[in-house]
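Reader: I should like to learn how the features of a two-chain model are read. Please take me through the one shown here.

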Amino acid sequence: MIFAEVLSLVAKKVDEDTTATHRYIADSTFTRAINRAQAIFAFLTLCYEKSSVLTFTPNEPSLEFIADIPDFIAPLKLSQGGRMLNQQSLQQIAARNNQWTGFPDMPKYYCLVASNLLAIAPPPSSVTVAQVAIVYAAMPLDGALDLIPSEDHDAIAQGSAAIIRQLILGGQFGPGAEEDLDGYWMAIKRRTDYVMNRNKTARYDTMPAGVTKEGLKALLEKIK
Amino acid sequence: MNPATLISYVYPNLHATSQANLGGWTEADLYSYLNRSVRQACADAGFLAECSVTAVAAGTQVVALPANTSAIIQIQWNDKTLNPRTTAYMDARSSDWQSAPGDVPDAYVVDQQGTDFIRLHPYPAEAGNLRWWVRKRPSNLTSLSGLAIPSPADLIAELETIAEARRKGGIFEMPEAAKAAQAMADVLKAAARLYYGGAV
């Protein structure tokens, strides 16, 4: 489904005209709602996967990488020279060698210290071993709906309609969002289950947060 | 994160097109909601961290933590990982530990809040370097200051700014909208804790 089709679907769902000239709600508001629904979907399911190369500085154990990969959500796999790096906490890395930053070598472990900072251990000993390949879950760019599986586009439309009803229109329009919201969260749960199996098979390091059955029930109760 | 763009995304949710017709809020209100949300998200979910090095002179006992530290993850003295200790632990081991002679530090003791300074133990007899791995609190965001942070933080901040604005009492209050926006933000914050909170 292309973006314009989803926008038209969302307009219908909130009882708006499908042609922009007759709408009470501005096109930019529809677009933002769709982008929000798409971003929440990608963040919770980790369904969109990308790869890149990160260049560390030799002898340096850390890298602030957001400028290199601004669409980063979570690391799935890091490797150096075709060899996978094991994900560890900084405490685990220090437990193996409490002087881990002092002995540069071929990197074997990595740690996502926070959403903006990666550490590798041992620190790379040369420019050659400082190139680390990363496979990561990415956030689709605004408007890039084709990066979300097409079978989930209806759910994105449902999520967008619910966002417009609940966050913008409110009042008597809010309760009408429940069914759409239910469909959206269920699609997130289905996609999460799929990605979870995919990540297990690929031996990826991060599993999607998604929403559990209990979490979903609690969430829907909270929103109603 | 571009705060000005984020605030412009919030306007339609408040039935405004710009700062000029915001109604019950000022732009400063929205920036204050945004800043509160980003600070809390960084503290709860570990969005922001820093690795930096400070040179320390021989005989220094107390060292200030890097500015805007919200939590310590790990500290190293000349590449050796220091053990975290509390004052109570040190007092139980030895009542005069603060007057112990200088040597190579193997532990650090945090101040009461753990975010202002550390005391090195034993204090360094020779000069050296401290490498800090700390979680950071973001500086106050304005229309002119951005923040290098992944986009999920933008999403949380946007939703929480809407929630906070719609919680404001008076004719502009929309409790259901506030509740819905907060519930979505809470789900995202729980996911962020799972993805980014594992380093500590």
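**Reading the interface, a helix pair and a sheet**

Author: The model is a predicted one. Between chain A and chain B there are 3 salt bridges.

Reader: Which residue of chain B forms a salt bridge with Arg36(A)?

Author: The partner of Arg36(A) is Glu158(B), and the closest N and O atoms lie 2.5 Å apart.

Reader: How many residues of each chain are in contact, and what area do the chains bury?

Author: In chain A, 53 residues are in contact with 45 residues of chain B. The two chains bury about 4200 Å² between them, with 62% of it on carbon and sulfur atoms.

Reader: How does one describe two packed helices?

Author: One gives the angle between their axes and the distance between the axes. Here, helix H2 (residues 27-45) of chain A and helix H5 (residues 175-196) of chain B have axes that come within 10 Å and cross at roughly 35 degrees. The crossing of H2(A) and H5(B) is left-handed. H2(A) contributes Ile40(A), Phe43(A) and Leu44(A) to the contact, while H5(B) contributes residues including Met184(B), Leu188(B) and Tyr195(B). The residues of this contact comprise 10 nonpolar, no polar and no charged.

Reader: What is the strand order of the sheet in chain A, and why do S1 and S4 each have one side without a neighbour?

Author: The open sheet of 4 strands follows the order S1-S8-S3-S4 in chain A, with antiparallel pairing. Strands S1 (49-55) and S4 (83-84) of chain A stand at the edges with a single partner strand each, so one side of each lacks a neighbour in the sheet. S1(A) is joined to strand S8 (residues 131-138) of chain A by 7 bridges. Leu54(A) stands opposite Val132(A) in S8(A).

How values were computed:
Residues are numbered from 1 along each chain as its sequence is written. Chains are lettered from A and ligands numbered from 1 in the order in which they are written. This is a predicted model: local features need pLDDT of at least 70, side-chain atom pairs count only at pLDDT 80 or more; totals for chains, interfaces and linings use all residues. Side-chain values use heavy atoms; hydrogens and water are left out. Axes are lines fitted to C-alpha atoms, for helices over the stretch in contact, and angles run from 0 to 180 degrees between N-to-C directions. Helices (H or I, at least four residues) and strands (E, at least two) are DSSP runs, numbered from the N terminus. A crossing is left-handed if the near helix is turned anticlockwise from the far one by less than a right angle, and right-handed if clockwise. Contact means heavy atoms within 4.5 Å. Ala, Val, Leu, Ile, Met, Phe, Trp, Tyr, Cys and Pro count as nonpolar, Asp, Glu, Lys and Arg as charged, and the others, Gly among them, as polar. Two strands pair if DSSP finds at least two bridges between them. Buried area is the accessible area (1.4 Å probe) that two parts lose on being put together, summed over both. A salt bridge is a side-chain nitrogen of Lys or Arg within 4 Å of a carboxyl oxygen of Asp or Glu.
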